[in-house]
Amino acid sequence: MLKSEGFTTRPGKGSHEMFACPSGAHKVSVPTGHKTISPAVHAMVVKAIAVCDCGKD
Ligand SMILES: [Zn+2]
């Protein structure tokens with residue numbers, strides 16, 4: 001989902017993974033170790049994608 005939007009992943013602190021858009025202006029921290037993304041995290045991800053217009057012409 002995030003990667004298809006041009007977001008890249010990088011190791012975060014502890015059990016979190018950091019997703020950042022191409023410019024790095026928009027980031028979202030996602031907990032790892034879960035098989036599924038919780039609704040709250042999913043909402044954060046969707047919001048990050050929605051506000052990010054980097055890389056879109
Ligand atoms: Zn962005």
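Here is a short exchange on how this predicted model is described.

Reader: What elements does the protein chain have, and in which order do they run?
Author: The protein chain has one helix and three strands. From the N terminus on, the order is β-β-β-α.

Reader: What makes the protein chain as compact as a globular protein of that length?
Author: Set the radius of gyration against the globule rule. The radius is 11 Å, and the rule gives 10 Å for 57 residues. The two values are close, so the chain counts as being as compact as a globular protein of that length. Along its principal axes, the C-alpha trace spans about 35 × 20 × 15 Å.

Reader: How do you know that strand 1 and strand 2 pair?
Author: Count the bridges. Two strands pair if there are at least two bridges between them. Strand 1 (residues 8-11) and strand 2 (residues 16-20) have four, in the antiparallel sense. Therefore they meet the cut-off of at least two bridges. One of the partnerships joins Thr-9 to Phe-19 in strand 2.

Reader: How do you know that strand 2 and strand 3 pair?
Author: Use the bridge count again. Strand 2 and strand 3 (residues 27-31) share five bridges, also antiparallel. The cut-off is at least two, so this is a pair. Glu-17 has Val-30 of strand 3 as its bridge partner. Phe-19 stands opposite Val-28 in strand 3.

Reader: What lies between the strands in the two hairpins, and which glycines take a positive phi?
Author: In the hairpin of strand 1 and strand 2, four residues lie between the strands, and Gly-14 has a positive phi near 55°. In the hairpin of strand 2 and strand 3, the number is six, and Gly-24 in the turn has a positive phi of about 80°.

Reader: Why are strand 1 and strand 3 called edge strands?
Author: The sheet is open, has three strands in the order 1-2-3, and pairs antiparallel. Strand 1 and strand 3 each pair on one side only, and that makes them the edge strands. From one strand to the next, the twist averages 30°.

Reader: Why is Val-45 called partly exposed?
Author: Count its C-beta neighbours. Val-45 has 19 inside 10 Å. Buried needs 20 or more, and exposed needs 12 or fewer. The value lies in between, so Val-45 counts as partly exposed.

Reader: Where is Val-45, and how far is it from Phe-19?
Author: Val-45 is in helix 1 (residues 39-51). Val-45 and Phe-19 are 26 residues apart in sequence, and 8.9 Å apart in space from C-alpha to C-alpha.

Reader: Which residues make up the largest nonpolar core?
Author: There are eight: Phe-7, Phe-19, Ala-20, Cys-21, Val-28, Val-30, Ala-48 and Cys-52. Strand 2 and strand 3 each supply at least two of them. In soluble globular proteins, nonpolar side chains tend to be buried together.

Reader: How many of the 57 residues count as buried, in percent?
Author: The share is 14%.

Note on methods
Residues are numbered from 1 along each chain as its sequence is written. This is a predicted model: local features need pLDDT of at least 70, side-chain atom pairs count only at pLDDT 80 or more; totals for chains, interfaces and linings use all residues. Axes are lines fitted to C-alpha atoms, for helices over the stretch in contact, and angles run from 0 to 180 degrees between N-to-C directions. A nonpolar core is a set of buried Ala, Val, Leu, Ile, Met, Phe, Trp, Tyr and Cys residues joined through C-beta atoms within 7 Å. The radius of gyration is taken over C-alpha atoms; the globule rule is 2.2 Å times the number of residues to the power 0.38.
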